[in-house]
2 protein chains.
Amino acid sequence: MRKRNACTICAVRQKALCRGLPEDQQGRLNRTAYHRHYDAGRFISGADQRQDWFATVLSGVIKLTKSLPDGRQQIVGLLFPADFLGRPFRGRSPFTAEAATAVELCCLDRCHFEDLLQKTPGLSQLFLERTLDEVDAAREWMFLLGRKTAEEKVASLILLVARRLRRAGADGGAERPAVHWDFPLSRTEMAEYLGLRIETVSRQIRALRSAGAIEVAEGRAIIVRDLAALERMAQKECE
Amino acid sequence: MRKRNACTICAVRQKALCRGLPEDQQGRLNRTAYHRHYDAGRFISGADQRQDWFATVLSGVIKLTKSLPDGRQQIVGLLFPADFLGRPFRGRSPFTAEAATAVELCCLDRCHFEDLLQKTPGLSQLFLERTLDEVDAAREWMFLLGRKTAEEKVASLILLVARRLRRAGADGGAERPAVHWDFPLSRTEMAEYLGLRIETVSRQIRALRSAGAIEVAEGRAIIVRDLAALERMAQKECE
DNA sequence: TGTGCCGCTTGATCTAGATCAAAGGATGGT
DNA sequence: ACCATCCTTTGATCTAGATCAAGCGGCACA
């Protein structure tokens, strides 16, 4: 029962890939899709390790990382609600996926999804558009990593997260970015995404705080006090 | 005449996107596809500027860049022979394309290509796979930009170019990377791709040279003397 | 009520790579 | 043949951010 109409009550329904499926296909989907939960910090899927399922993120944030034996690690992507996890047409992904926060996934068998992709032009078209957007986003981040200062990097990251969480509906769709929310990344993770060290991130957050752009509240909450100032500090160049 | 069977004599035929088209479609393609030439350094298509055609690179190397009004510039991608240029389903690309070397393109109307993409599952499947590979490559480069040292960056770039040019058939398909070829990027461009300054690139090339990994010949030629050493210096982590 | 751990901040110092400066080669035009 | 320009190298110095080193506060566990 609950399972029959899971799609119709799904929070990310209008934003996720499933939008590319005709109504009747969604019904069939219901019968095979299943949910998974991961606590913050848990390993989800591994670099160079077979993964025989794909998923849509229902809630939470996932980080994609690459690391070297010598300990160097870099976050190469973040997945927010409605984003897709997995690497079709290739058994293994070159990156590791880990839950940055508690995560809820809606999963599908690899072969089932690849099958759907073949048979449903609307779906594969949508998937292609998403993937093209991801290339663009990755390239924007390359600019950040290669050319921005530490302060710009941190400001850009806060803006990125604010925008993405807003899009995910975390603040009920207000027309301006969420100003107050629990930041989904630890200082260490911020550093790993920005190509910085944790101490530098900490100092730059202090700088943004004294500039009045943001405020740091209890827990991991970050409050955007002055959006325009934050955008200025990000060099108006985030995403 | 020449145009009729242009596809059948095309150098990148087996590697380019066109492979995703059935034979008879390739014939139709011939009638509308046309070639373009750009000299080294020429502007090809602009950030946020309408581009109503797509292209396959026949020869040469294209750089995709993003730059800020304050002069900071970053190369966010390189296109080699058989690669695809353009951004379907969105009028404008957020990046600028420029010829790094002399470039030959095989072009197609935007609407014609998007039409083909809709109608030809094989083509859109292939295009999707290519795009997924591009995301992976961009993320690998994010690791390089965020975590590698200057020396590792330069070594990685030389390896990347060697491999891509080999794949493009520049050395007739030898089973090891090309050891001798004209490097397609200037020092400035290398720096722009690596998130470094030109002086640093120059010094690191000197370092690789004194380590015996490479040799710099007249013109822009780079000779890979010791592939294993070069790979070691790239932290075995290039692409 | 301790105590040990973890994530974060803050300060002091160090260094890889940036910046500043100058001086070769190449190459093309006259 | 000469000059101008551009690309590259090399040297000297500077600095943003890394590294080293405490210290602090919250939280879990005994």
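Trainee: Which side chain has an N or O atom 3.0 Å from a base nitrogen of DNA strand D?

Mentor: The general idea is a polar contact, a pair of N or O atoms within 3.5 Å; within protein, one must be able to donate a hydrogen and the other to accept it, and residues adjacent in sequence count only if both atoms are side-chain atoms. Here the side chain is that of Arg203(B). Keep in mind that this is a predicted model, where local features need pLDDT of at least 70, side-chain atom pairs count only at pLDDT 80 or more, and totals for chains, interfaces and linings use all residues, while side-chain values use heavy atoms, with hydrogens and water left out. Residues are numbered from 1 along each chain as its sequence is written, chains are lettered from A, and ligands are numbered from 1 in the order in which they are written.

Trainee: Which residues make polar contacts with phosphate oxygens of DNA strand D?

Mentor: Among them is Ser202(B), with a side-chain N or O atom 2.8 Å from a phosphate oxygen. Ala150(A) uses a backbone N or O atom instead, at 2.9 Å.

Trainee: And which residues come nearest to DNA strand D?

Mentor: A residue is near a strand if one of its heavy atoms lies within 4 Å of it. For DNA strand D there are 16 such residues, and Arg197(A), Thr200(A), Arg187(B), Ser202(B) and Arg206(B) come nearest. Of the strand D atoms within 4 Å of the protein, 71% belong to sugar and phosphate.

Trainee: Which element gives the most residues to that surface?

Mentor: Helices (H or I, at least four residues) and strands (E, at least two) are DSSP runs, numbered from the N terminus. Near DNA strand D, H6(B) gives the most, with four residues. Sort the surface by class (Ala, Val, Leu, Ile, Met, Phe, Trp, Tyr, Cys and Pro nonpolar; Asp, Glu, Lys and Arg charged; the others, Gly among them, polar), and you get two nonpolar, six polar and eight charged residues.

Trainee: OK, now DNA strand C. What is close to it?

Mentor: 16 residues surround DNA strand C, the closest being Arg187(A), Ser202(A), Arg206(A), Arg197(B) and Thr200(B). The side chain of Glu199(B) has an N or O atom 3.1 Å from a base nitrogen, and a polar backbone atom of Ala150(B) is 2.9 Å from a phosphate oxygen. Arg220(A) brings a polar side-chain atom to 3.3 Å from a phosphate oxygen. The largest share of this surface comes from H6(A), with four residues.

Trainee: How are chain A and chain B related?

Mentor: Two copies of a chain are related by a rotation about an axis and a shift along it. Superposed by least squares on C-alpha atoms of residues with pLDDT of at least 70 in both, chain A lands on chain B with an RMSD of 0.0 Å after a turn of 180 degrees and a shift of 0.0 Å along the axis. That is the relation of a two-fold axis. In chain A, the C-alpha nearest the axis belongs to Val135(A), 2.5 Å away.

Trainee: How much area do the two chains bury between them?

Mentor: Buried area is the accessible area (1.4 Å probe) that two parts lose on being put together, summed over both. Chain A and chain B bury about 4400 Å², 59% of it on carbon and sulfur atoms. Arg139(A), Met142(A) and Arg147(A) lose the most on the chain A side, together 19% of what that side buries. Counting contacts (heavy atoms within 4.5 Å), 50 residues of chain A touch 50 residues of chain B.
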